[in-house]
Amino acid sequence: MSVLVDASTRVLVLGITGHQGTIHTRGMKAFGTQVVAGTSMRSGVPEVEGVPVFANVEEAVEKTHPNAACLFVPAPYAKDALFEVADAGIPLAVIITEHIPFHDMLDMLYYAKEKGTRIIGPNCPGIATPGGAKVGILPNVIFHPGNVGVVSRSGTLTYEIVNSLSENKIGQTTCIGLGGDPVPGTTFLDALEKFEADPATKAIVMVGEIGGVAEEEAAAFITAHVRKPVVAYIAGQSAPPGKRMGHAGAIITRGKGTAESKVQALSKAGVRVARFPYEIPGLVQEALRA
Amino acid sequence: MVKLLEWQGKEIFRNYGIPLPKGAVARSGDDVVKVLGSHVSLPCVIKAQVRVGGRGKGGALRFASTPEEARKAAEEILGSRFKDETVKEVLIEQKLPIDREIYLSLTLDRSKRLPILMGSAEGGVEIENVPDEKIFKLWIHPFAGVLDYQKRQVAKLLGLSGDAAKEVAFIIDMLWKIFQGEDAELVEINPLVVSAGHLVALDSKVIIEDDAVFRHPQYEHLQGDLTDLEEKAHEKGIAFVEMGGDVGVIANGAGLTMATLDVLLENGGKPGVFLDLGGTDDPKKVAEAFLLMSEAKPKVVFINIFGGVTRCDTVANGLVSEIKRNPPNFGIITRIRGNNEREGKEILNGIGIGSYSDLAEAVRQVVAMEVKP
């Protein structure tokens with residue numbers, strides 16, 4: 001078992017002829033994912049990495065029946081691409097693209113909700129179920145199948161943490177990279193709810209960052225709805241206030257979203273909070289034993 | 001984040017028809033006299049054009065009732081330092097009689113993932129200092145915009161009736177149009193004053209979202225509150241933060257960059273410059289980032305990379321090319337993991353740069369090198 005993606009996932013790659021689109025189509029296939037189609041604005045490219053390329057989503061859906069989309073479309077065109085995916089009835093859209101204006105993302109989020117499409121991202125590494133499927137750009141080598149669900153707002157830090165879990169023989173059910181943008185399509189709450197409902201997931205690892213109040217909300221949700229053990233790490237516990245540490249997610253404003261308030265809220269919810277990323281595997285082992 | 005100056009925000013307000021006091025920008029004492037001779041009459045207010053708040057208490061707002069007074073005030077303010085900014089412009093505006101001061105703003109509520117309209121009948125002070133119960137919040141659906149009933153609600157909460165109620169409804173419409181149309185992160189009027197029964201925007205605070213500037217090239221060069229090196233990094237698409245210590249850190253991804261900072265501080269290191277490479281598969285960008293780092297004159301540079309999109313050998317190649325071209329006079333410690341880790345390590349070892357796998361151990365080496373005289 002797993003959440004959101006598995007061996008039955010059939011992926012459509014939007015922007016497949018681009019540099020990133022091509023590289024990561026190869027990566028997804030190497031992971032064992034069924035990549036069934038791609039789309040491109042460029043005409044005259046019949047296939048990429050053995051995947052048939054179509055001019056639009058509707059045609060790709062008609063011929064290849066994807067149930068997930070992976071967007072590598074440049075930011076100025078991402079909104080249009082997502083609308084196309086939602087209109088075609090594809091239930092899952094993973095948006096890798098960064099720098100999408102949040103005003104566009106608001107439109108995308110509510111349009112997708114209306115059409116029944118779940119968005120993961122934007123500006124995210126994607127989602128992977130070891131032994132099942134990967135939709136996105138996470139490195140293949142870090143995963144190991146198992147019983148821990150991982151959800152994170154970071155990219156490379158997620159890789160770091162998943163890798164250290166695998167090195168410590170702690171496998172994963174599914175890893176979800178939410179992305180660090182101000183308007184994420186999928187939140188910690190959504191991911192926690194999915195992992196709580198997934199019988200194969202025995203513990204949950206949550207990787208947060210300073211800024212926003214997503215971790216505080218997650219803490220409240222855990223208290224009310226999550227019975228499985230949760231281990232958390234908050235990056236940027238020592239970052240200076242008011243400075244943006246790389247992307248929009250990581251800024252502290254008006255005294256809210258500090259590492260302190262997050263750590264406190266999570267600890268109160270019974271979450272084991274790591275001070276450093278390398279403490280996570282130990283805390284997970286402890287949680288699984290308890 | 002493109003923070004506009006007051007007068008730049010007011011230009012937008014003017015284009016959307018939000019009522020403003022008569023005013024003009026001046027860059028010298030002579031400018032002030034010219035402005036007062038033409039379209040601004042006395043008494044007037046002289047306002048330093050800076051991006052930081054607290055101008056009222058900080059002496060950056062002056063009043064004048066003669067042209068001489070106005071010139072003197074402007075000349076004192078122009079060229080002076082206010083907090084971390086040098087004042088290059090002043091805004092001269094007609095002084096208005098003020099009956100009441102109101103606060104009104106539109107921004108994104110990240111937690112609800114909806115735009116939020118906030119207001120208070122107690123404007124004029126920084127909103128951070130207004131107690132929560134005196135601020136009202138209305139959430140706006142992006143597809144619906146501000147609804148008529150919400151505008152009536154705002155008028156009522158602000159105690160406005162008659163013309164002023166109609167005016168506030170219009171101003172809210174325009175704020176919404178600016179918020180969406182100009183891709184703003186924040187549109188704020190504080191204070192919005194009632195003067196002789198009518199509403200006038202006395203101040204403006206507009207922040208345009210960086211990621212949307214491609215739609216609004218007119219805002220491209222208005223970036224203000226960055227240090228010179230931060231500005232350079234910004235142009236190259238590298239996230240760069242200066243913190244004053246002497247360890248430079250290059251990492252990839254915001255989360256990993258912050259985690260590195262956490263581990264460094266815990267081990268007694270003093271972080272100086274933080275540079276987030278982001279995702280790149282171009283060794284040239286790595287070389288540029290390293291060069292930028294050298295300009296910050298660190299004592300030690302710590303490179304912490306987890307290879308995903310950014311492969312370890314790409315980073316190693318970029319580093320080696322820059323180090324060969326420009327031998328650094330500081331220590332270098334690397335810790336690389338992930339995609340093409342082995343290749344990356346071999347490339348670095350080739351020019352005698354050691355590489356660690358364990359983060360905590362690497363950081364201990366960094367700190368040891370930092371404290372060495």
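Trainee: How much area does chain B expose, and what share do carbon and sulfur atoms supply?
Mentor: In this predicted model, chain B exposes about 16,000 Å². Carbon and sulfur atoms supply 50% of that.

Trainee: And how much of chain B counts as buried?
Mentor: The chain has 373 residues, and 53% of them count as buried.

Trainee: What about its charges, how many of each sign and how far apart are their mean positions?
Mentor: Chain B carries 46 positive and 55 negative charges. Their mean positions are 1 Å apart.

Trainee: OK, overall build. What box do the C-alpha atoms of chain B fill?
Mentor: Roughly 75 × 50 × 35 Å, taken along the principal axes. Inside that you'll find 11 helices and 19 strands.

Trainee: What share of the chain B contacts comes from residues 24 or more positions apart?
Mentor: They account for 69%, counting contacts with a separation of 6 or more.

Trainee: Which domains is chain B divided into?
Mentor: Domain 1 covers 22–94, domain 2 covers 100–220 and domain 3 covers 228–371. The C-alpha centres of domain 2 and domain 3 of chain B are separated by 43 Å.

Trainee: Now chain A. Which domains does the assignment give there?
Mentor: Domain 1 is 10–120 and domain 2 is 139–289. Their C-alpha centres in chain A lie 27 Å apart.

Trainee: How many residues does each domain of chain A bring to the contact?
Mentor: Domain 1 of chain A puts in 11 residues, and domain 2 of chain A puts in 12 residues.

Trainee: I'm looking at α5(A) too. Is that helix mostly covered or mostly exposed?
Mentor: Mostly covered, with 11 of its 12 residues buried. Among the buried ones are T156(A), Y159(A), E160(A), I161(A) and L165(A).

Trainee: Why does its end-to-end distance agree with what a helix should span?
Mentor: Helix α5 of chain A runs over residues 156–167, which is 12 residues. At 1.5 Å a residue that should span 16 Å, and the end C-alpha atoms are 16 Å apart, so the two agree.

Trainee: What's the phi like at K169(A), after the helix?
Mentor: Positive, near 65°; K169(A) follows α5(A).

Trainee: Back to chain B for one residue. Where is P131(B) found?
Mentor: In the loop between β9 (114–120) and β10 (136–139) of chain B. P131(B) is partly exposed, with a relative accessible area of 34%.

Trainee: And how far is its C-alpha from that of S120(B)?
Mentor: The C-alpha atoms of P131(B) and S120(B) are separated by 9.8 Å, and the two residues sit 11 residues apart along the chain.

Conventions: Residues are numbered from 1 along each chain as its sequence is written. Chains are lettered from A and ligands numbered from 1 in the order in which they are written. This is a predicted model: local features need pLDDT of at least 70, side-chain atom pairs count only at pLDDT 80 or more; totals for chains, interfaces and linings use all residues. Side-chain values use heavy atoms; hydrogens and water are left out. Helices (H or I, at least four residues) and strands (E, at least two) are DSSP runs, numbered from the N terminus. Buried means under 20% relative accessible area, exposed over 50%, partly exposed in between (1.4 Å probe, protein chains only). Contact means heavy atoms within 4.5 Å. Accessible areas come from the Shrake-Rupley method with a 1.4 Å probe; for residues, only the protein chains shown count as cover. Lys and Arg count as positive and Asp and Glu as negative; His and the chain ends are not counted. The place of a charge is taken as NZ of Lys, CZ of Arg, CG of Asp or CD of Glu. The expected span of a helix is 1.5 Å times one less than its number of residues. Domain bounds come from an automatic or database domain assignment.
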